[in-house]
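Me: I would like to learn how to read the packing of helices and the surroundings of a single residue in a model. Could you take me through it step by step?

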Amino acid sequence: MTTKTTARNRGSNGQADGTMIFTTREDIEAPIDFVFAQISDFASLERMILRRGGEVQRRVDRTPHAAGMIWDAAFDMRGKRRQLEVTLVRFEAPAAMRFEAVSKSLNADLSVELVALSRGRTRLGMIGELKPQNLTARLMVQSLKLARGNVAKRFEMRVASYAKDLEDKYSRSA
């Protein structure tokens with residue numbers, strides 16, 4: 001398993017617009033179909049969020065999974081309960097998914113892309129983008145930017161841990 005993570009700011013015309021982007025890549029010793037099946041097992045991901053103290057409720061479901069699925073979610077961050085609506089806006093098995101999360105003060109995008117490196121090896125790429133919608137959210141994102149190294153490292157560690165879990169799960173099932 002290999003890792004690459006970066007965090008950067010993005011602005012239009014060289015201006016800082018408050019947006020913060022995180023990217024990471026993990027190579028996973030498992031076939032692309034297995035990895036996609038695991039990352040699109042939304043019931044399992046919902047349980048993981050609940051175990052970590054968040055709340056999640058699927059509001060719009062699609063069978064089979066498809067763009068247009070919607071979840072209501074809530075979690076604690078910096079001493080405050082944050083609520084958001086998460087929409088699956090792209091679902092292209094077995095290569096890509098994209099989620100948009102909208103709250104009162106902060107919007108986020110999460111893109112997940114998979115590339116088959118070989119029959120038994122898959123590259124997982126994730127891009128997360130935070131977009132503040134008001135002054136309070138801008139200040140919060142600015143504080144995250146100041147701690148960019150720590151924030152990027154936590155993001156990388158979470159994705160690396162998830163990738164390792166996928167590898168372990170695949171090796172147990174093989």
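**Helix packing and one lysine**

Reply: In this predicted model, helix α1 (residues 32–39) packs with helix α4 (residues 148–173) at an angle of about 120°, and their axes lie 11 Å apart. Because angles of 65 to 115 degrees count as roughly perpendicular and those over 145 as roughly antiparallel, α1 is oblique to α4.

Me: Which hand does the crossing of α1 and α4 have, and which residues make the contact?

Reply: Two packed helices are described by the angle between their axes and the distance between the axes. In the present case the crossing of α1 and α4 is right-handed. On the α1 side the contact is made by Phe34, Val35, Gln38 and Ile39, while α4 contributes Tyr162, Leu166, Lys169, Tyr170 and Ser173. Sorted by class, the contact of α1 with α4 has 6 nonpolar, 2 polar and 1 charged residues.

Me: Turning to Lys131, where is this residue found, and is Lys131 buried or exposed?

Reply: Lys131 is found in strand β8, which spans residues 121–132. With a relative accessible area of 25%, Lys131 falls between the limits of 20% for buried and 50% for exposed, and therefore is described as partly exposed.

Me: What is Lys131 in contact with, leaving aside its neighbours within four places in sequence?

Reply: With those neighbours set aside, Lys131 is in contact with Thr19, Ser105, Leu106, Asn107 and Asp109. For Asp109 there is a further detail, since its side chain makes a polar contact with the side chain of Lys131 at 3.0 Å. By contrast, Glu29 is 102 residues from Lys131 along the chain, and their C-alpha atoms are separated by 33 Å.

Notes. Residues are numbered from 1 along each chain as its sequence is written. This is a predicted model: local features need pLDDT of at least 70, side-chain atom pairs count only at pLDDT 80 or more; totals for chains, interfaces and linings use all residues. Side-chain values use heavy atoms; hydrogens and water are left out. Axes are lines fitted to C-alpha atoms, for helices over the stretch in contact, and angles run from 0 to 180 degrees between N-to-C directions. Helices (H or I, at least four residues) and strands (E, at least two) are DSSP runs, numbered from the N terminus. Angles under 35 degrees count as roughly parallel, over 145 as roughly antiparallel, 65 to 115 as roughly perpendicular and the rest as oblique. A crossing is left-handed if the near helix is turned anticlockwise from the far one by less than a right angle, and right-handed if clockwise. Contact means heavy atoms within 4.5 Å. Ala, Val, Leu, Ile, Met, Phe, Trp, Tyr, Cys and Pro count as nonpolar, Asp, Glu, Lys and Arg as charged, and the others, Gly among them, as polar. Buried means under 20% relative accessible area, exposed over 50%, partly exposed in between (1.4 Å probe, protein chains only). A polar contact is a pair of N or O atoms within 3.5 Å; within protein, one must be able to donate a hydrogen and the other to accept it, and residues adjacent in sequence count only if both atoms are side-chain atoms.
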